[in-house]
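Biologist: I'd like to learn how to read a two-chain model from its coordinates. Could you walk me through one?

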Amino acid sequence: MSLAPTGFVPNEAPCGNTRRECLWQWGGGFAALPLVDLMTREADAAGGSAARSSQQSPHFPSTVKQVVFFFLNGGPSQVDTFDHKPALEKYRGKSFDGGLQIGSNGRAIGKLAPSVFPFRPYGDSGLLVSSLFPHVGQFADDLCVINSMYAETPTHSPGILQMNSGSIVLGRPSLGSWLGYGLGNLNENLPSYVVMTDHRGGPRGGAGAWSSGFMPARYQGTLFRSQGAPVLNLKRPEGIGAGTQRRSLDLLNQLNQQNLELRGGNSELAARIASYELAYRMQTEATEAVDIDSESASIQKMYGLEDKRTEYFGRQCLLTRRLLERGVRFVQLYSGGGADSWDAHDDVPDNHGRHAFEIDQPIAALMADLKRQGMWDQTLLIWGGEFGRTPTSEGVGKPGRDHNHFGFSMWLAGGGVKGGQRIGATDETGFQAVERRLHVSDLHATILHLLGLDHHHLTFLHEGLDQRLTGVQPRKVIPEVLA
Amino acid sequence: MQRVVNKLLCGREMPLLLVAVLAGGGIAVAADPPVAPNFLRDVRPIFKAHCFRCHGAGSSEGEFRLDRKPLAMKGGETGRAIEPGKADLSLLVRLIEGHGPGDARMPPEGEGRGLRQKEIRLIRDWINRGAAWPDGIDDQADRLSLWSLRPIRRPQIPSVTDASWVQNPIDSFVLAQLESRQLVASPRARHRHLIRRATLDLLGLPPTPSEVDRFAEDQAAEAFERVIDRLLANPHYGERWGRHWLDLVRYADTNGYEVDGVKPLAWKYRDWVIGALNADRTYDRFVIEQLAGDEIAAASTETVLATGFHRVGPWDAERGASVQKSEVIEELYNELDDMVSTTSQVFLGLTIGCARCHDHKFDPLTARDYYSMVAVFRGLKREHKGRAELARAALPPGQLAGKDLKAQPQGYFFFEPSPTPPVTHLLNRGNPDQPGIEVTAAVPAALVERQPAFDAADKFTSRRRISLARWIMSDDNPLTRRVIVNRVWQYHFGTGLVRTANDFGVRGNLPTHPELLDWLAEWFRVEAGYSLKKLHRLIMTSRTYATSKRSHPENAGKDIENLFLSHFPVRRLEVEAIRDSMLAVSGRLNDRLYGAPMYPFIPADALRSGYNPSGVWQPFNETDANRRTIYSFLKRTLMIPFLETLDFCDTARSAERREVTTVAPQALELFNGEFVNRQSRYFADRVIAEAGNSPDSQLEHAFRLALGRSPTAFERTSLLGFLSTETRQLVVDDLKRFQRESSPNVPRQAAGKISESGLTLWLDASKGVTLDQQKHVTSWASRVGSLVASAHGTPESLLAAIGKRPAIRFDGHDWFSLSGSPVTGQAYTLMAVVTDPAAGTTGHRNVIGNWDGGKGNSTTSIFLGTTTAAKGVRSVRLTDSFALRETLSLSKPASPFLLTGVSGSNNARVFQNRRLLDQLGSALPTRKLDTGWTIGRQGTLDAEYWKGLVAELLVWNRTLSDDELSNAWQQLGAKYCVVDPLKPRLPLTVAAARRQALVQVCRVIFNLNEFVYTD
């Protein structure tokens, strides 16, 4: 067991909490360790061990180190993307009679409606993908599509919370926080958990989606922008030159050091002094990380930077590759935001057509690039939204679809994932997961597993409970996913 | 780990205490060797976790109960279960091993997991050793197994060797521990440290230099007591300690989730907390009013507002107000969980929320206890209309009849619509679809010997909360006062005597000083009569509190975590104290108490990640934002970055303490952030104004203001060196710039013409103006295109107004409506030649815009105008999502100037003449363009009139390039004699460079460890 500090500055107990809680985190509680061991670690940690590695160990070995989550904010329709339902043709215009409450909040329910997007098989696996994702389709043999996901709510904000934190209730740490907590940082000069929102705005419910909940704030997602200064306050204040900035920082360090010596040393104060130098280095490193212009024209073109429609998400995908190269652990990209998300109540063909076009080529470019750079096996890719959409149209004569958490599709690809397959199934209309029903938390358990973490044992003591990402209900790793 | 340490350290005391309690109850404890399983500690918890549900008080399946010794030993339908000394022959063992009759297993399939090998071994061992089960223990077992539930008996004050050290009984307890561990207490802190420590502690602000001086000179024995009394009487005390309380009660101003609606008037609860603490409302009243202020005999508006406590938590309005019943019910139980969890953690230090789905794994709390607590709050209802919440008339329920409720004071709290709440069921696995037995309102069974009496409902409410509140504050309940004295201790010393302030259960920490905790708890109840101010005074007048922060060299290597307080534990200040201290030191603190929330500046980049970037935050009003941080608007889906970065608490659940992390983004915020740099400039200006121009006196004054002391010789030398080097460097660098810009080698662009490409509106007071017979303007036609502005009111056309050229005068009620829209996209440039002499009156004034609240673009309009804040400071607004940080600078209030606003695809900029006032660094949020345009007032609003001259007004329906802007400025500047654009800005004067260097020193001081840590 490794108890190494994580985060930018190793100033506190290894898991950001008291050492006692830390031991609880690793499953056995302190009873599992010999007392002598505990006492040495105690002295060691308390003695200020700034030189320790900042990487924590997984529970078991895994090649996968990093994660990219394409979050299709608003809920993409499964029957229009990765869950082909030819039977909808014969039910066209018929009412749905599945005994389930349809939709989100009492909106009018329309008739069953087949997708306007034709599906076709791709790759050796013959995986069916709709015409919305022709570029991603090229990687069909790498995709592990789960058609039988279900969630607990048809409402955006709690749904987004659940997909990120396992719970529909505010205040719990998100997946990226758990990974930072369990695995630590790979690069101290960059945040471990990066979130990029859509240029039209963020998801409903805002920062709750990347909150660290009851964990220390350092585990929360850091918002990154793909243009200009990537992180808040990274630039020098207006009107302060580089020389002045450096001289002022030197003065600060000098005074703080002197004060520290007078106080006879204190590891927390020393850590704070170090944090200013780290911040200074971060200015360089993060600015350099977002310098997409340094990429070749062909790469930029591959990511779709030449087309206005794909440029924004393309920049974010290209930036994602650059962040992964620099050791960022978890990157989450939101597609759709503000008032223009995947929430296609009125018009799926228009809405999904636009949004899918924006992301299809950039996602495929990132996949190709990761393979080219030899980063494929260490990276896990996740695609999906907070829920899916109904196979019925919304209202009468409207080509939109309503929210649907009873059944929806997601896909995984990359390291440790067995591609070219579909897991589970919805009923013949695509409404409800019926075969191999998989809860959002089963997906979380699987993601943790792929990164070498056992979801039972990755725990954080809060309010008297060993809190887990996967909650109190029994959840299981999905074995079919694993390569 | 902490627990291990505590066990080692407290090992001697705790078992003794336990034995004493047990013996006091006439109970014998089996003297097993240490390795033998102890029934109370080891065996019973296994029975409880796995067996009691079917073989306990609730039901006795198979006529067998395991929670009572006689019944357990007697056995059930299938015979004796336990054969002492013979585990192999015991039916109980066979069953838990899955070898019962017919291969039966206990617990049966579907009723929970089988026992683990370790647990089975333990039970076998216990039976083989004779199945020792102390008599008479069963009723109290849960209470006796947890230290915090044991009755409080006032401990003896221990005797100590060095009696001279002791100033009050606290010191005896602390010193006794130190002496027994051969730890040496550090000397008393010096006066100037002590007053800084106490002032930051009680007020969250630093002491003023004169307060420090006065105390340093006061050699009287009771000098420090006088300081404490003065601080406790200061109303800023309520703001500082009120914030601690708000952490605990998960306070925020919005609901969170998708809708994240504003909690109307929630801040009245916040104000109640501040006021109650300032008035030293005794803790019993403080608690009872929050839980049941509407049900007490002396109910009043104030006490009703106090019950806002229950309602300030998160609420998912989308679900709570859904038409789908299952969503509403689930959300209802989430709300009830919020109330039960918050109440039990805040007042009792118990994490009963764990028992929502199943019996608490560790503490003696069952799901039945949980739902009995749910029943207490079951009758509460939220006033709302769909997803929008409503305030209510803040009157006790008995006083509502016959009153005009709209005319009564309003507030934010729940109410009981009926004295008979719906029936509460235990929910299996917390699932509303699986209701179990019906439960009544009750106190968790393990906490009491006998259930306290719950009042019958009266005409208005169920009286369940008042009944619970009465028990919470009853003398028989040892938790409440242990919990609160521990919290107060924690906020004074950084950590509590129990380090897990919200968890006094099995998983929480044991107290480092159990006798001190109990002594304080009793003293607080009896001697202090629950006065928190008396408790502060007692703690702060102890020698323990006055100890220096430096550790004694003789303690090296011992008690590294300073659990035993041989020296004062330094810690980083909370973000509120950091921010408020900066405002106090810079001289800009607006110390107005109470009232509606304020909105600190949030950079546009941070707003952009939100769901609604443009409408989400109020425009920056500096005077208001300079109030204390506790008054910040706390929006659950958009935390203010400055607060979030510096470890503000999570507002979703009760927060028992602030985390202290030390990460690079904090350094970025404090060194590069807008707030600190702004305050550094004010701080420097204040120092110059108060200390004059001598660098030496400036440093002296700055240090005394910020740190309460003079600089050391080392600091003085470093800083003087910095000031002179930096001043010289700034002058040299700027001179180089000036020379570069003045050099004849720099090709000077000849002034081009005003670009007419995309120019959609060009109003020029010398052209196109028509007058009526009274010489008032009736219309004003554009020089390009076909737009015409029609006058309202009585604008006049002056002949030689700006630069001897004509201008239109707006006298505060004049305005024009435009015949069409000059802007069709999100890229545009607005430029005007104006005077704005109305510097003395505060408020907004608008040159041009398309605001129309009636058409719903009150937060999505385009406009360009000026604003006067307090002290005549003028700034500019370009739309209501871009409030500038820089202010207008004019030699005379009425000097003419060029005002330019530019909106582009990735930036928005505002200029006064050629000077860039501010830029957004990103595109403005999308603006609505389908509303009418006006000149001289804020759209359709009968307000924000321009009061001054407008000589020329140009609108381009595109973003002008820098060259084009330059050309236009040059043309207009020359025409109206407002700018001389060809001259480079003059080099910095030495005085200006000195000021800039001092600003850097001030910025450094704000970043010193010493500034952001307790003294």
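**Reading the two chains**

Modeller: Chain B contains 33 helices and 23 strands. Bear in mind that the model is predicted. For chain A the tally is twelve helices and 19 strands.

Biologist: What share of the residues in each chain is buried?

Modeller: In chain A, 60% of the 483 residues are buried. In chain B, buried residues account for 52% of 1015. You can also ask how far along the sequence the contacts reach. Taking contacts between residues at least 6 apart, 76% of those in chain A join residues at least 24 apart, and in chain B that figure is 68%. As for dimensions, the C-alpha trace of chain B spans about 110 × 70 × 55 Å along its principal axes.

Biologist: How is chain A divided into domains?

Modeller: Domain 1 takes in 66-227 + 294-456, and domain 2 is 242-286. Their centres, taken over C-alpha atoms, are separated by 42 Å.

Biologist: Now the nonpolar core. Which residues touch the most other members of the largest one?

Modeller: The general idea is that in soluble globular proteins, nonpolar side chains tend to be buried together. Here the largest core has 367 residues, and A:F70, A:I382, A:W411, B:V950 and B:V1001 touch the most other members. Apart from that core lies another, of 23 residues, including B:F64, B:A81, B:L92 and B:M106. Try clicking on A:W411: leaving out residues up to four places away in sequence, A:W411 touches A:F82, A:L143, A:C144, A:V145, A:I146 and A:W383.

Biologist: And sheets? What is the strand order in the open sheet of nine strands in chain B?

Modeller: Strands of a sheet pair through backbone hydrogen bonds, either parallel or antiparallel. In this sheet the order is β8-β9-β10-β13-β22-β15-β16-β17-β18, with antiparallel pairing. At the edges stand β8 (769-771) and β18 (883-887) of chain B; each has a single partner strand, so one side of each has no neighbour in the sheet. For one pair in detail, take β10 (residues 788-792) and β13 (residues 815-818) of chain B, which pair in the antiparallel sense over four bridges. Within that pairing, B:A791 stands opposite B:F816 in β13(B).

Biologist: How would I check a helix, say α29 of chain B?

Modeller: Compare the expected span with the model. Helix α29 (residues 695-707) of chain B has 13 residues, so at 1.5 Å a residue it should span 18 Å, and the end C-alpha atoms are 17 Å apart, which agrees. After α29(B) comes B:G708, with a positive phi near 70°.

Biologist: Which residues of α29(B) are buried, and what covers them?

Modeller: The buried ones are B:P695, B:Q698, B:L699, B:H701, B:A702, B:F703, B:L705, B:A706 and B:L707. Their cover includes α10 (209-217), α23 (575-586), α28 (674-691), α30 (713-742), α32 (990-1007) and α33 (1009-1012) of chain B.

Biologist: Last one: how many residues does each chain bring to the contact between them?

Modeller: The size of an interface is often given as the accessible area lost when the parts come together, but you can count residues too. Chain A brings 76 residues and chain B brings 75 residues. On the side of chain A that touches chain B, α1 (19-25), α2 (35-46), α5 (156-165), α7 (242-262) and α8 (267-289) each supply at least two residues. The largest share of that side, eleven residues, comes from α7(A). By class, the side of chain A has 30 nonpolar, 33 polar and 13 charged residues.

How values were computed
Residues are numbered from 1 along each chain as its sequence is written. Chains are lettered from A and ligands numbered from 1 in the order in which they are written. This is a predicted model: local features need pLDDT of at least 70, side-chain atom pairs count only at pLDDT 80 or more; totals for chains, interfaces and linings use all residues. A nonpolar core is a set of buried Ala, Val, Leu, Ile, Met, Phe, Trp, Tyr and Cys residues joined through C-beta atoms within 7 Å. A residue is buried if 20 or more other C-beta atoms lie within 10 Å of its own, exposed if 12 or fewer, and partly exposed in between; C-beta atoms are placed from the backbone. Two residues are in contact if their C-beta atoms, placed from the backbone, lie within 7 Å. Domain bounds come from an automatic or database domain assignment. Two strands pair if DSSP finds at least two bridges between them. Ala, Val, Leu, Ile, Met, Phe, Trp, Tyr, Cys and Pro count as nonpolar, Asp, Glu, Lys and Arg as charged, and the others, Gly among them, as polar. The expected span of a helix is 1.5 Å times one less than its number of residues.
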